[in-house]
Each structure stands twice: as structure tokens, then as C-alpha cells.
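Biologist: I'd like a close look at one small part of this protein, and then a walk outwards from there. Could you take me through it in plain words?

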Amino acid sequence: MDRGKNKVITKIIKVYGIVQGVGFRPLVYRAAKQYGIKGTVRNVGGYVEIVAQSEEASLSRFLSDLKENKRGGYEIIKMEAKELPFAEFKDFLIVKSESSAEILVIPPDLPVCPECMRELSDASDRRYQNPFISCMTCGPRYTIMEDLPYDRNRTSMEDFPMCDACREEYTSPESRRFHAQTISCNDCGPYLIYQDKEDGFHELLERGAYEKTVKVLSQGGIVAVKGIGGFHLVCSPFMEETVNRLRKLKGREKKPFAVMFPEISEIRKLCLVSEEEKALLESKARPIVLLSMKQDLMAPSTGNGSLYCGAFLPYTPLQHMLTAELGPLIMTSANFSGQPVIREDGPMLALASPYLSGVLYNKRRIVRSVDDSVAKIIEGKPQLIRRSRGYVPYPVFLSKEEEENRINTGIFAAGGDLKAAFCLCQKGSAVVSQYFGDLEEDAVMEEYQRSYEDLTRLLRMAPELAVCDLHPNYHSARFAKALGLPVLKVQHHHAHIASVMAEHNLKGPVIGVAFDGTGYGTDGNIWGGEFLICEGSGFIRAAHVSMFPILGGDGSMRDARKTASCCLLHAGLEAYVQDERISVIKAALEHNVNRVFTSSMGRLFDGAASVLNIGHENRYEGECAILFEKEAVLAERNNKKPADLCFGIKERDGILELDPRPVFKALCTMRNKVETGSLALGFHLALAQATASVCERMERKYLSNTVALSGGVFQNSLLAGHTVRLLKEKGFNVYLNRAVPPNDGGVSLGQAYLGNKYLKSDHMDLEGTGCHVCCSTGKNNSDKR
């Protein structure tokens, strides 16, 4: 065949990435017209298929323009092209979508774009003050999607027939709303409804509903406002009585509330905002970003003395309207007593509470609930703390090498029970679900199960292997086993480190430092202060915090005073115990009543906080550790000299142990002589130094200078920052979680990664009902259970 540059050729191109629901087909259409390309474009399952016919030079320029074009919200991950036999096309058309067995990427929800914002505030525009304004590059996606391909008839927008004007825009190639599936206006589509809880459940519609909401909020009321992924409870952050009523309504005693600000300039009045934090605030995901406060002008109960403000920017037109008129607003998820976020109108409207003034809602169905994401900047880069709206269900892509040798077996990774999130992995694409909460709650477990069924359906995936935590009583593990699939059990902290390896394509051996509260160990004890050597699907427990006894196992997490008593008694420091229950605690430890042994770093933070009288009870997860970090940060900011503390390091049976007893002895003997902040700062620095020292010894033994840090304790920015600094000074390459949280919200990615590695290894044993990978002695053991 003549391959001259003027020869007309036809190619079929598959485009993978965020290419559905973001105006990609109209963009392809316009680019094709520009370059004189003939053919078609359509959605096929989770990718876009282009059939393009032209001279080769024009076709190359066309494809190059698509790859390099930064307009719109699309993101191309890869293109696959092959030549087709010649078939004559007379024009370029957007054709009907088709389903496919292959779904790799589902579009996440997008914030309202600048063009729509201009129309929203333009009194001459027909969408002026329309709280649901959107176009082909913005608006809800994942939360309104019934199925793929992403077309209007497969979303909850199908319930709203287009008016003639909208239909004309929808079918016009020159319109910004050409094939915009969320298109609507003031004459069609959803509209606002306000149910007044204080006035006999009276309802107001449209503009009247909005104005009533503004009035109630300005007067100190609390309104449940329907968003993209569920309802928010909304009120002023400046009225103490109002915020206290919100705490009673939500059942949230102490944890700080997130605040939505109308724009960056308003955030800067209260918080320090770096360029990296500004970019994160304004990113497409619009997460809640944890920012350092420079002055707290809000009601005391809003932040409850926290050094950080969870600040975020509006991402829906309605939020823009409300904050533009009222200023900053608390926007906290409408969930109560650990229950899932309320997404359906009925339960919200039926809620009877003297603290709730009204409900502002609409009749656009939320297909799946998705909470707001939470992030921060650590070491100059974003790190997710809660991965949900704006990020889910965008996948984490395994390395190119993993993809080239990818396993086609679908993997379901169940995650953990706290901060639960599961992962579905196939063909090098790992989709981590939204955050659910604590699976101990029946309603949360039901939401988790529904979401598993929903996401496997959307991805058209039938998992053939389940991966779960080693803990025998985890609800997530029971769910995995109940699926009737072969089950691979993975140690909790191994999964934490594997999640970092998955994100950064780390080759083993990797020194993994996993610090958190709890995790079931291969020896049946509770781990949580671990130094692992990770390679392939196995690990060696090369070092850990010295085991110490506590009472109550996982239930000990709330009572920091009791944990402190256990730590001091173990260290021979009974004289310093400040707990009237000492005789009972001592007797329980001596007679092995509900006694467990742990290496938990989280419990050491709790114990240290209690010894220094910083906090004695975790009323929300990690409260004592957060207060402990606060004291240390304030001391560092005020240039206080850190107390000279030091963890012991010893070796037993070839395994290094980090001994906390010297630190607790110093805290007890110095607490009445040295400022609390200096002692807290000294604890953090001593732990960072000990971590670096242990890694240095492991480097010599295992010949690795790559360190991965993970686990909930590394959400402590002060500890993470000093640990990374010291490790880098010693020549280590250091990696943190970025795309998934370092807490248990990220373990499912690590589980999926290890499942993938295990399937490729020589240890495959999938005939039975369970597979178990554990390595505490340096060997990779596979036990059929």
C-alpha cells in the first residue's frame, strides 16, 4: 500500500482517562473539523472511541492536539491506535454511545467552572442565579450516574426533560453545552425547595426557598442543604450558640468543623495559605484543606482550639451563591452518631430535631453518597487524609511495568474497618472507593456492601480474588470471605507500606515504617510501631516498638489515662501513675484479665499525652495525639528548646526494638520542671531520631536506602516532617502516601497491590477457600486455611 504523506488513511483510536462527562467528544468534534478529519467519535464503556480518516500528516496533528490540549477537564492516560481498511466517510459525527465489557475510568464529580460562574452572576443571562448551572466541563458526574457510558439517559438528570432552548444548545456543536448531560436552566431541570421545620413544615419554592435559607442562616439557624454527594448541615461559624446547637444536632462533641469560604482572600484573613495550599484549594477536587490558623475570629466551638482550620471553597453554584451572600459557613456532612451521610430526601425531611431550622433540597436524585475529601500539604506536596468527592472513583494506576505484565484477574481488596474503603483492581487500574466510616455501625456496613455491588457493576467487573486484613474479627474480612472467592489475608501494616509502594512504583527491598494505633500481627498480638522490609508479596518484621501490655485491646483506644497507667507500670514507674484505678489496673495486668500485648505507636502517643496532662480521653479518633502534637507545634513555633529525650534501641533475636521506657521515665521526672510544650516537642524529635537510627541500621543489613512511611500516626505533620528531614540527611529516598490516605483509608490499595504481586509469584494457591501471606521470620509463608 502507498504510504505517501498524501495518502488518506483510517485509524481507530481508543482514548483512556477522564474522557467521559467532561466535554471530550465535542472537543474531538471541533478539532476534527479544524483539521479536516472525517469519521466518528463515541463513548464506549469507560473510554472514547475515535474513527479518524484523513491524510497522515493531518491525522498526526489532530492526535497531537488532543494529547496536548489543556482546555476543559479531561485527562488522557493513554491512546491506542491501529489502522483500519479504507471506508469512505463524508463528515465527522458524534454517534450513539455503546456499552463495553471494559471500564477503566469513571469520571469524578467536577466543580462549577469559571464560564458558568460568569453566567450565574450575569443578570442578562437566562441562567442568572440558577443553582444548578453546569456545562460540558463541570457539574456532578459519579454521584448522579446510573451506568456507563455517561449519557443523560443513564443519569438522574433523565428525570428532567430539556426545554426547547436547552435542547438547542445540547445539539449545537458551537455551544458550550453541546452534549452536556447535566444541562438545565431556570425553565427546566431541578429547582430549590425549602421545608420549614419551625413553621408546621411549610414549603417554599425556587427563589423563595433560597431567600428563606439565607434569612434563617443569617439569624443563627441551622439548615440541611442538599449537595452533590449528600446533605450538609450548614450554619454560621461565628455564632457560638448556633455552633453548640449544631454539635448537639450532629452528636459531635469536640471535633473541629470544616468551614467553606467564598474565596481565597477570605481564607487568608484567618489562615496561612501557601502557593501549594492555594493550588490544592482550587484544584478540580475542591477538597477540605487543613491550614494553619493565624487568627481565630470564629466562634470558639467551631475549631475548639485547633491550630488548623479545615477550609474549602464552594464547588456547586448554590454554595457559591450562599457564601457570596453570607460569607464563610460551616458545611459539615449530615450524618449522625457514626451513620452514613444522608443522601435521600425522605430521611432528611423526616428528621425531627429542635436544633434543625429547615431543609433546602431539590428532586435531583443522588445515586451514591460521597463525602467531602480532606487533604493537606506535607513536604511541599498534597496528601489526602480522606479520599472521597472529586477523587473517587478516579483510579490509581500501577506502574508501566505492572501494566505490561498485568494480571487480568479482578481483585477485590476489602480494606480495614475504621475509615473503611475498598479497592477494585484489574489490568493495572486500582479504583479505591469513597470513604465510608466505621464498619462496626450496621448502616455503614450496609452502605459498604451496596457500594461494592454498585461499583463492580459500573466497572463491569467480577472479582476472582478477595484480599482482606489478617484480623479475624474485622467486618471487612468477613465480607470478603462471604463472597465465596479465594481469599488472601494480608497483615495490616504490610498493606500500609504496600500502598506507598503502589503509588510510587517502588522496587524492593523497601524499608517500610508503619506507625498507627492497631493492626493484627502474625503473632496474634496488636502491632502498630513496625519497621518492615517489603519485597514482592512478602515482608520481614525487622524492627518494632517493644511490646507492652494494655487492657481492653482495640477498646483501649478511648481511655488514654488507662493506657498511660499501663505504660508506666510496664516501665516500673508506678509511683508516677495518676489514676485512681491503679490497683484494679495493676491486678488486671498481673492476672492477665483482658490483657493484650501491643507495639502500637498510637497508644504511646495517647500515653504520653496523658502523662503530661494534655489529654486523657479520645472523644473522637486521635484527639489526645492531636492535642499532643499541638503542644509540640506551639513550642516549636515559639522557639522553645525541646527536652532532651531518647528512645532506647536494642536487639533481640536479630530483631531491633524501639524501647519507649526511657522516654516515659524522662517525661515523668521532668514534667514538673520543664514546660509541657518542650516535653511534647522533645518526644516528637526523639521518635524521629530513633526512626532514622533504626532505618540506618536496617540499611546496612538489608542494603536498601528506600524508606516508605505510612500509618495514621504519620498524619502528624510535625513528626512526618522531622522524620523525612532526618532520613534525607542520612541519604535515604523517602516516600509518603499522596493519592490515598496514610490512615486505614489507604490500606485497600496496598492489599490490592499485594494481591496482584501474589498472583504473579510462585506461591499461587487459589484452589482453597483462603490464602495467607505472612512473613515474620524473613521467609514468605503461604498457608492454606
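Modeller: Sure, let's start at Asn-705, which sits in the loop between helix H21 and strand S30 (706-710). Keep in mind that this is a predicted model. Is Asn-705 buried, exposed or something in between? Its relative accessibility is 30%, and buried means under 20% while exposed means over 50%, so Asn-705 counts as partly exposed. If we skip the neighbours within four places in sequence, Asn-705 is in contact with Glu-699, Gly-731, Phe-732 and Asn-733.

Now step back along the chain from that loop. Helix H21 covers residues 676-702, and it gives the largest share, 13 residues, to the largest nonpolar core. That core has 73 residues in total. The members that touch the most other members are Phe-531, Met-601, Phe-628, Leu-658, Leu-667, Phe-683 and Leu-709. As a rule of thumb, nonpolar side chains in soluble globular proteins tend to be buried together.

Pick Leu-658 to get a feel for the crowd. Leaving out residues up to four places away in sequence, Leu-658 touches Phe-531 and Met-601, and also Leu-687, Ala-690 and Val-694, among others. The list of its contacts also includes His-544, Val-545, Ser-546, Phe-647, Gly-648 and Ile-649. Apart from this core lies another one, of 41 residues, and among them are Leu-246, Leu-249, Met-293 and Tyr-361.

Next, the eleven-stranded sheet. This sheet is open, its pairing is mixed, and its strands come in the order S7-S6-S14-S8-S9-S13-S10-S12-S11-S15-S16. Why do S7 (202-205) and S16 (381-386) each have a side without a neighbour in the sheet? They stand at the edges with a single partner strand each, so one side of each is left free of a neighbouring strand. Helix H5 (residues 206-218) packs on this sheet, touching S6, S7, S8, S9 and S14, and its direction makes about 115° with that of S7. Elsewhere in the sheet, S11 (residues 288-292) and S15 (residues 374-378) run parallel and are joined by two bridges. In that pairing, Ile-288 stands opposite Val-374.

For the last stop, let's go a long way from where we began. Asn-705 and Val-28 are 677 residues apart in sequence, and their C-alpha atoms are 46 Å apart in space. Helix H1 covers residues 24-35 and lies across S1, S2, S3, S4 and S5, running at about 170° to S5. Those five strands form an open sheet of mixed pairing, in the order S4-S1-S3-S2-S5. Here S4 and S5 (92-94) are the edge strands, each with a single partner, so one side of each has no neighbour in the sheet. On average, neighbouring strands of this sheet are turned by 20° against each other, direction ignored. Helix H2 (residues 56-68) packs on the sheet too, touching S1, S3 and S4, with its direction at about 150° to that of S3.

Zoom in on S1 (residues 8-18) and you'll find a mostly covered strand, with eight of its eleven residues buried. S1 pairs antiparallel with S3 (residues 47-55) over eight bridges, and Ile-9 has Ser-54 as its bridge partner there. S1 is also joined to S4 (residues 75-84) by nine bridges, again antiparallel. In S4, Val-15 is partnered by Met-79, while Ile-13 is partnered by Ala-81.

Technical notes
Residues numbered from 1 in each chain as written. Predicted model: local features only at pLDDT ≥ 70, side-chain atom pairs only at ≥ 80, totals over all residues. Heavy atoms only, no water. Pairing = 2+ DSSP bridges. Helix = DSSP H or I, 4+ residues; strand = E, 2+ residues; numbered from the N terminus. Contact = heavy atoms within 4.5 Å. Axes fitted to C-alpha atoms, helices over the stretch in contact; angles between N-to-C directions. Core = buried A, V, L, I, M, F, W, Y, C linked by side-chain atoms within 4.5 Å. Buried < 20%, exposed > 50% of the residue type's maximum accessible area, 1.4 Å probe, protein only.
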